Amino acid sequence: MKYIKYLALGTLFGIILTKSEVISWFRIQEMFRFQAFHMYGVIGSAIVVGMVSIQLIKRNRLKTISGEPIVLADKKFNHGIWIGGFIFGLGWAITGACPGPLFAQLGSGVGAAAVMILAALAGTWTYSALREKLPY
Amino acid sequence: MSQPYPLFLSLPFAMLDFLQQPWPWYVAGPLIGLTVPALLLVGNKALGISSALRHVCAACVPAGIPFLTYNWRAEAWNLVFVLGIVLGGFIDYRLLGHPEAVAISAATVHDLKAEMHLTDFSGLLPKELFALGNLANWKGWVFMVLGGFLVGFGTRYAGGCTSGHAISGLSNLQWVSLVAVVGFFAGGLFMTWVVYPMLF
């Protein structure tokens, strides 16, 4: 039962992703071709709202509903950030989907999403196996 | 003109209508942004979806790999969140309804017709590339298998995807995430503007 809140938030997140059409390959192509503001508006306004929310949380030292102090970890730089980022970008333009949208597509009944998720798992597994040999 | 129905009767219909249409960016974007504080307030969790791929690998095929040998059960919330996304996609697309085709710009339709020879613009993805039958030729392997592989490999190498770096990371003013997002876009632009013209 302690997971039900994450199921609820995930479901809402999936509905929002689908409603905003960011799970569409066509929208991603439109974005990379700079032919509409839609994707930039979605991502940009999400970041602005997230930023303001985090500032409010920090300044008011808000706690979680169970009373713990909220902790935000800092991300550390390594060369994998941009190398891996570039590799993901290639895949993003091919599949027209990042991981969240892949799962929303699966729910919406796109058969290809199942293949792409299995391939993404294979990619993650391969990265994990090669991790020590890659540049950072 | 007077309204045909009183407000308390027409409001539910207006809401249903709203739920059946795609949402503009200024509705959807802020709601996606609110997921960041919601996860923090509910359980001190950072929004990030690609980690779920790692947890599934750790749960199913750890194979003695150090990076996949950890207590993935402690991250089960992430898997439940992702399960919710699947459910959300089902509820939205199957129960609430959606338009026949995504209303992309006329310029994009023109370019995709001219450059990639696409003719069918219905649904979320072009069937000419993503129909399962395409796994019998190179298109299916490139678009579904290679594409998916690069998404899984690249996100873990970069330590996050659009949700973890672009939304969650940039919201928390992490410059590392900005580097990642520049990488995402560089890769996407390279594929769209350099590789696609060579493939088609």
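This is a short talk on a predicted model of a complex with a chain A and a chain B.

I will begin with confidence. The predictor gives the complex an ipTM of 0.96 and a pTM of 0.94. For chain B, the mean pLDDT is 93, and 98% of the residues reach 70 or more. Where in chain B is confidence lowest, and where is it highest? The low end is helix α1(B), residues 7–20, with a mean of 82, and the high end is α3(B), at 97.

Let me stay with α1(B) for a moment. None of its residues is buried: the count is zero among 14, so by the definition used here the helix is hardly covered. Its length can be checked by simple arithmetic. At 1.5 Å a residue, a helix of 14 residues should span 20 Å, and the end C-alpha atoms of α1(B) are indeed 20 Å apart, so the two values agree.

Now chain A. Chain A has six helices and zero strands, which along the sequence reads α-α-α-α-α-α. Its C-alpha atoms fill a box of roughly 40 × 40 × 35 Å, taken along the principal axes. Of the 136 residues in chain A, 57% are buried. If we take the contacts in chain A with a separation of 6 or more, 46% of them join residues 24 or more positions apart.

There is also a record to mention. An unreviewed UniProt entry lists residues 36–57, 77–94 and 106–130 of chain A under "transmembrane region". We can ask what the model has in two of these spans. Residues 36–57 of chain A are 91% helix and 0% strand, with 33 Å between the end C-alpha atoms. For residues 77–94 of chain A, the figures are 83% helix and 0% strand, and the end C-alpha atoms lie 27 Å apart.

Next, the interface. How many residues of each chain are in contact with the other chain? The count is 103 residues of chain B against 101 residues of chain A. On the chain B side, the helices that each supply at least two residues are α2, α3, α4, α5, α7, α8 and α9. Helix α2(B) gives the most, with 18 residues. By type, this side of chain B divides into 70 nonpolar residues, 28 polar and five charged.

One residue in α4 of chain B serves as an example. F81(B) is in that helix, and it touches Y6(A), L9(A) and G10(A), leaving out residues up to four places away in sequence. Is F81(B) buried or exposed? It counts as buried, because it has 29 C-beta neighbours inside 10 Å, and the cut-off is 20 or more. Its C-alpha atom is separated by 10.0 Å from that of L39(B), a residue 42 places apart from it along the chain.

Then the core. The largest nonpolar core has 91 residues, and M116(A) and A120(A) have the most contacts inside it. Helix α6 of chain A, residues 111–130, gives the most to this core, with 10 residues. What does A120(A) touch, leaving aside its neighbours within four places in sequence? In chain A the partners are P99(A) and L102(A); in chain B they are L53(B), G148(B), F149(B), V151(B) and G152(B).

Two loop residues of chain A are worth a look for their backbone angles. As background, most residues other than glycine have a negative phi. E21(A) is not a glycine, yet its phi is positive, about 65°. E21(A) sits in the loop between α1 and α2 of chain A, and it counts as buried because it has 25 C-beta neighbours inside 10 Å. R61(A) also has a positive phi, near 45°, and is a residue other than glycine. R61(A) is in the loop between α3 and α4 of chain A. With 8 C-beta neighbours inside 10 Å, R61(A) counts as exposed, since the limit for that is 12 or fewer.

Last, a residue between those two classes. L178(B), in helix α9 of chain B, has 15 C-beta neighbours inside 10 Å and therefore counts as partly exposed. The C-alpha atoms of L178(B) and H165(B) are separated by 7.5 Å, and the two residues are 13 apart along the chain.

That is the end of the talk.

Conventions:
Residues are numbered from 1 along each chain as its sequence is written. Chains are lettered from A and ligands numbered from 1 in the order in which they are written. This is a predicted model: local features need pLDDT of at least 70, side-chain atom pairs count only at pLDDT 80 or more; totals for chains, interfaces and linings use all residues. Two residues are in contact if their C-beta atoms, placed from the backbone, lie within 7 Å. Helices (H or I, at least four residues) and strands (E, at least two) are DSSP runs, numbered from the N terminus. Ala, Val, Leu, Ile, Met, Phe, Trp, Tyr, Cys and Pro count as nonpolar, Asp, Glu, Lys and Arg as charged, and the others, Gly among them, as polar. pLDDT is the predictor's confidence in each residue, from 0 to 100. A nonpolar core is a set of buried Ala, Val, Leu, Ile, Met, Phe, Trp, Tyr and Cys residues joined through C-beta atoms within 7 Å. UniProt positions are given in the numbering used here, feature names are shortened, and annotations may be inferred rather than shown by experiment. The expected span of a helix is 1.5 Å times one less than its number of residues.
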